[in-house]
2 protein chains.
Amino acid sequence: MDVYISGAGMTKFGRSSHSLEEMMAEAASLALKDARLERVDAIYIGVMNVEEFVGDSNFAAILADTLGLTGVPSTRVETASSTGAGAFETAFYAVASGHMKNVLVLAGEKMTHLPTAKTTRILSEVIDRSERRYGATMPALAAMIAQKYARQYNLPLSKLGDILAQVAIKNHSNGSLNPYAQFRKIITKEDYLKSQMVSYPLRLYDCAPITDGASAIVLTLQRTPIKVSAIGHATDTSAVSHRASLTSFNSTKEAALKAYTMAQVNPSDIQFGEVHDAFTLFEIIGTEDLGFFSPGEGWKALEEGKTQLKGSLPINPSGGLKSRGHPVGASGLAQLVEIVLQLRGEAGKKRQLERAEIGLAQSIGGLGNNNLVTLLERSDRKRVMREGWSPDYHPEMNTSRKASISSVKEGVGLLETFTTLYAPPEGFRSPLTLGFVKTKGGEMVMACNPDYRSPKELKMGKNVYLNTQEGLYVFERFTLWNRLKRWIKRPPKSQP
Amino acid sequence: MDVYISGAGMTKFGRSSHSLEEMMAEAASLALKDARLERVDAIYIGVMNVEEFVGDSNFAAILADTLGLTGVPSTRVETASSTGAGAFETAFYAVASGHMKNVLVLAGEKMTHLPTAKTTRILSEVIDRSERRYGATMPALAAMIAQKYARQYNLPLSKLGDILAQVAIKNHSNGSLNPYAQFRKIITKEDYLKSQMVSYPLRLYDCAPITDGASAIVLTLQRTPIKVSAIGHATDTSAVSHRASLTSFNSTKEAALKAYTMAQVNPSDIQFGEVHDAFTLFEIIGTEDLGFFSPGEGWKALEEGKTQLKGSLPINPSGGLKSRGHPVGASGLAQLVEIVLQLRGEAGKKRQLERAEIGLAQSIGGLGNNNLVTLLERSDRKRVMREGWSPDYHPEMNTSRKASISSVKEGVGLLETFTTLYAPPEGFRSPLTLGFVKTKGGEMVMACNPDYRSPKELKMGKNVYLNTQEGLYVFERFTLWNRLKRWIKRPPKSQP
């Protein structure tokens with residue numbers, strides 16, 4: 001059965017003095033009022049980590065009670081940082097099954113009350129254990145992806161900085177027009193360059209902020225002006241080092257393929273998008289993975305202004321995660337609230353897009369391994385039959401988790417990418433240099449570099465020595481001194 | 001669309017040396033093999049608190065990868081201790097919508113590796129904050145419900161002990177025949193009485209154990225011998241003190257009503273059940289809430305042997321949570337695995353029920369506030385049209401959360417029920433006496449009793465003094481000495 005949207009609402013995002021329940025109740029009440037409903041058949045609650053951020057469990061039941069909807073079935077759904085979209089998907093199937101008529105999807109997260117170090121630790125738990133134990137954080141992994149992207153597409157690092165700054169500037173500019181946004185100030189290139197280095201080459205202004213907020217949508221079987229056209233959802237390897245490509249996300253591509261197929265549309269049909277810019281580069285990669293632009297061309301489209309509010313394909317008219325803020329559980333649903341507002345022509349004079357009949361939201365779970373693509377359209381949109389779209393998509397080239405019990409020992413490898421992390425997790429030395437090293441056998445592993453001096457002394461695509469120390473891989477530059485050290489320390493030949 | 005079950009499997013429950021991922025992979029592989037499938041369209045993962053038990057987040061994606069099903073959409077679902085049933089419900093709608101053909105539901109929990117105190121603390125987070133701050137644990141709340149049940153139905157406490165022992169003995173006897181059960185030993189009344197007092201009057205043998213384990217079911221659109229006839233799901237107030245009744249669960253009644261209506265059956269159609277016996281008394285209350293026996297008659301049915309393996313309505317042929325074990329996220333789905341085995345006639349010579357064409361599972365989330373009732377039947381079962389069933393069900397008599405900002409001050413109240421907790425959470429004195437006190441205004445509040453000597457000195461249904469101390473309600477017995485103390489300590493009358 002077809003599923004429609006009858007209500008949408010959200011809190012202002014930012015630092016809030018309200019509890020998570022209070023924020024979620026506010027968003028719910030706005031969406032229910034918008035839908036002219038007092039009761040629903042079910043509630044789907046999206047919160048990523050209420051256990052550790054807030055210290056509550058059984059949160060779905062708490063919320064039903066808080067909303068005055070005691071009795072109504074309430075289920076918590078979680079897909080890491082795409083949780084809001086995951087809850088929406090789950091609710092969509094409940095309604096599409098015909099068993100539920102009206103369903104409330106409610107997503108939120110409360111994060112700003114904790115010290116940043118603790119928040120970072122909690123967020124890092126989405127990272128595969130094998131990589132987390134090196135001290136890898138989300139910004140560190142994103143930074144390694146950024147370096148690799150620059151190298152793969154021959155962008156000098158200064159040019160990469162230029163491009164990333166432009167994403168931040170565009171999204172802050174959009175966000176300045178959005179009353180729900182956390183940051184409503186325009187930023188300049190100077191502001192970007194002044195912002196602190198978080199994980200080389202990513203700066204603070206490359207990263208979505210820590211935010212409190214909640215968003216809500218009501219789904220219904222009754223025809224309304226807004227229809228859910230399609231949802232695609234896909235996973236990828238848990239460890240980033242197991243992926244054949246570091247500069248695109250299979251999970252976005254596969255989710256997009258499913259969504260386009262289900263809606264019978266092509267990327268060229270999409271008029272605007274909310275793309276998960278947890279890190280500035282992810283917006284560019286997103287526009288490539290979604291088929292809007294060819295691989296390696298996303299940054300050019302950005303430079304040409306195509307993704308601006310007045311461009312041919314506006315991306316993140318809301319300000320995106322960067323400027324609207326990123327309460328992790330809520331973001332995926334907040335993207336959809338923005339699309340509803342745009343499709344209805346209710347986004348406000350300055351932010352309202354001219355063409356808004358079909359919009360797309362892409363939400364990233366974890367470091368790109370639990371992603372969703374959702375398409376919403378006006379119910380009166382004229383449909384045109386399209387040829388199928390097929391992304392360049394090769395999951396079979398990934399390393400499987402089972403096969404990954406590493407057999408790598410010492411030896412020479414190639415430094416695929418690296419980063420220097422300036423605020424590593426507790427217990428790790430700062431700064432912390434991490435890299436992905438490809439061994440002669442073709443296996444990619446994370447490794448750390450204890451003899452750090454400056455990130456400028458390391459070069460991607462160069463050979464490095466790979467060692468193990470205390471169960472961790474360590475890489476060293478291929479210098480004469482390091483060769484000598486290794487020769488002196490080499491173990492005696494064992495007797496047969 | 002109708003939904004069928006094509007595969008089921010589970011690990012042996014108990015203390016496991018395997019990781020949560022490994023256990024879940026084992027259960028998944030058994031269920032997929034049973035269904036003769038290698039790939040599915042989606043995975044629904046039930047884990048209650050993987051964040052705090054295991055320290056991982058984004059677990060749905062980790063599991064897709066672990067199973068070698070990278071790419072497949074994977075969503076984590078949580079409804080507290082009914083999580084396994086909640087994940088099954090969610091997957092059911094996905095298949096019923098027609099968007100998914102084959103879906104894997106996979107539930108598990110890893111608990112035994114942590115110290116018991118930490119496990120208890122994590123489990124306590126499902127309790128409403130307003131009650132948790134008194135030091136209330138799950139056994140403490142269950143114990144207060146048990147005392148109230150005994151009083152309401154005029155059972156002396158020794159008789160209550162008799163009955164509860166019989167539940168434990170029956171379920172251990174069933175579990176001794178179940179190769180998947182954690183405890184496969186028969187217990188006697190002496191064993192029961194020798195087991196330590198956890199929270200007066202509940203003993204260790206009244207409580208389900210701490211367990212590791214995983215269970216899995218494959219749902220499909222293709223007709224198989226086992227059909228999902230219905231699912232009902234309902235919530236109740238988060239605070240137990242807000243409920244009009246302490247001796248039954250509205251959430252079970254409403255979920256059962258929905259399930260029976262959806263399947264067009266009556267309680268009298270049900271041939272056997274798996275009932276959430278996290279505490280022995282909950283099995284008895286469950287059989288009443290589900291309409292099998294009248295309120296206050298469940299214990300009589302038990303005494304008459306009706307719920308035994310050879311009785312007219314076998315309850316917990318698997319051994320229940322008590323003997324099979326209770327890995328919190330997995331239990332709701334393990335109940336359904338048992339029902340599948342029984343319906344297929346695959347439960348083994350000694351445990352196989354004679355009549356097994358339709359079975360029911362009831363799963364409790366939290367302290368009875370996120371419950372599910374699921375009905376499975378043989379696809380060839382002959383259906384008889386039944387009159388509707390209606391439970392005695394009055395949620396409108398509950399106190400709403402919004403209205404509960406307590407206005408109670410000092411005064412005289414009635415001690416509705418109480419318990420003495422012998423292993424309170426860290427930071428609370430042991431033993432800890434907690435009670436529910438009804439004020440003259442009719443409001444029920446939790447309160448503690450610091451001048452504890454023995455639970456035998458307290459009487460339910462008697463007046464007590466209610467005070468506040470450091471933001472907590474405190475109750476004191478209505479003795480002459482306490483009256484005198486209060487008179488001496490009374491504040492001077494304030495001047496107008």
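Contact here means heavy atoms within 4.5 Å. With that cut-off, A:Gly311 touches A:Gly305 and A:Lys306, once residues up to four places away in sequence are set aside. Keep in mind that this is a predicted model. Chains A and B are related as by a two-fold rotation axis, and the count of salt bridges over all chains comes to 46. Here's the rundown, topic by topic.

**How the two copies sit together**

- Two copies of a chain are related by a rotation about an axis and a shift along it.
- Here, a turn of 180 degrees with a shift of 0.0 Å along the axis lays chain B on chain A, and the RMSD is 0.0 Å. The copies are thus related as by a two-fold rotation axis.
- If you want to find that axis from chain B, look for B:Ser97: of the residues of chain B, its C-alpha comes closest, at 1.8 Å.
- The copies meet through the same surface, because 100% of the interface residues of chain B are also interface residues in chain A.

**What the interface is made of**

- Chain B puts 58 residues into the contact, and chain A puts in 58 residues as well.
- Between them, the chains bury about 4600 Å², with 46% of it on carbon and sulfur atoms.
- On the chain B side, B:Asn58, B:Tyr93 and B:Arg401 lose the most area to chain A; together they make up 14% of what that side buries.
- Six salt bridges are counted between chain B and chain A. One of the cross-chain pairs is B:Arg76 with A:Glu78, where the closest N and O atoms are 2.7 Å apart.
- There are also 24 residue pairs in polar contact between the two chains, both residues being at pLDDT 80 or more.
- Which elements of chain B each supply at least two residues of the side that touches chain A? Among the helices are H2 (50–53), H3 (59–66), H4 (83–96), H6 (129–132) and H10 (250–263). The strands are S3 (74–78) and S8 (226–235).
- By residue type, the side of chain B that touches chain A divides into 21 nonpolar, 21 polar and 16 charged.

**Salt bridges within each chain**

- Side chains of opposite charge can pair when their charged atoms come close.
- In chain A, A:Lys189 pairs with A:Asp162, with 2.3 Å between the closest N and O atoms. A:Lys189 sits in helix H9 (residues 189–194) and A:Asp162 in helix H8 (residues 157–175), so this salt bridge ties together parts that are 27 residues apart in sequence.
- Are those two partners buried or exposed? A:Lys189 is partly exposed, at 30% relative accessibility, and A:Asp162 is partly exposed too, with a relative accessible area of 24%.
- In chain B, B:Asp162 and B:Lys189 form a salt bridge, with the closest N and O atoms 2.3 Å apart. The pair links helix H8 (residues 157–175) to helix H9 (residues 189–194), 27 residues apart.
- B:Asp162 has a relative accessible area of 25%, which makes it partly exposed. B:Lys189, at 30%, is also partly exposed.
- Another chain B pair is B:Lys170 with B:Glu283, at 2.8 Å from N to O. Here helix H8 is linked to helix H11 (residues 280–289), and the partners are 113 residues apart. Both B:Lys170 and B:Glu283 are buried.
- Over in chain A, salt bridges that share partners join A:Asp34, A:Arg344 and A:Glu346 into one network.

**Two spots to look at in chain A**

- A:Gly311 is in the loop between helix H12 (298–303) and helix H13 (320–324). With 23% relative accessibility, A:Gly311 is partly exposed.
- From A:Gly311 to A:Ser390 is 79 residues in sequence and 25 Å in space, C-alpha to C-alpha.
- A:Thr374 belongs to strand S11 (residues 370–378). Its relative accessibility is 1%, and buried means under 20%, so A:Thr374 counts as buried.
- What does A:Thr374 contact, leaving aside neighbours within four places in sequence? The partners are A:Phe88, A:Ala230, A:Ile231, A:Leu336, A:Gly359, A:Leu360 and A:Ala361.
- A:Thr374 and A:Ala216 are 158 residues apart along the chain, and 15 Å separates their C-alpha atoms.

Note on methods: Residues numbered from 1 in each chain as written. Chains lettered and ligands numbered in written order. Predicted model: local features only at pLDDT ≥ 70, side-chain atom pairs only at ≥ 80, totals over all residues. Heavy atoms only, no water. Salt bridge = Lys/Arg side-chain N within 4 Å of Asp/Glu carboxyl O. Helix = DSSP H or I, 4+ residues; strand = E, 2+ residues; numbered from the N terminus. Buried < 20%, exposed > 50% of the residue type's maximum accessible area, 1.4 Å probe, protein only. Least-squares fit on C-alpha atoms with pLDDT ≥ 70 in both. Buried area = accessible area lost by both parts, 1.4 Å probe. Polar contact = N/O pair within 3.5 Å; in protein donor to acceptor, adjacent residues only side chain to side chain. Nonpolar A, V, L, I, M, F, W, Y, C, P; charged D, E, K, R; others polar.
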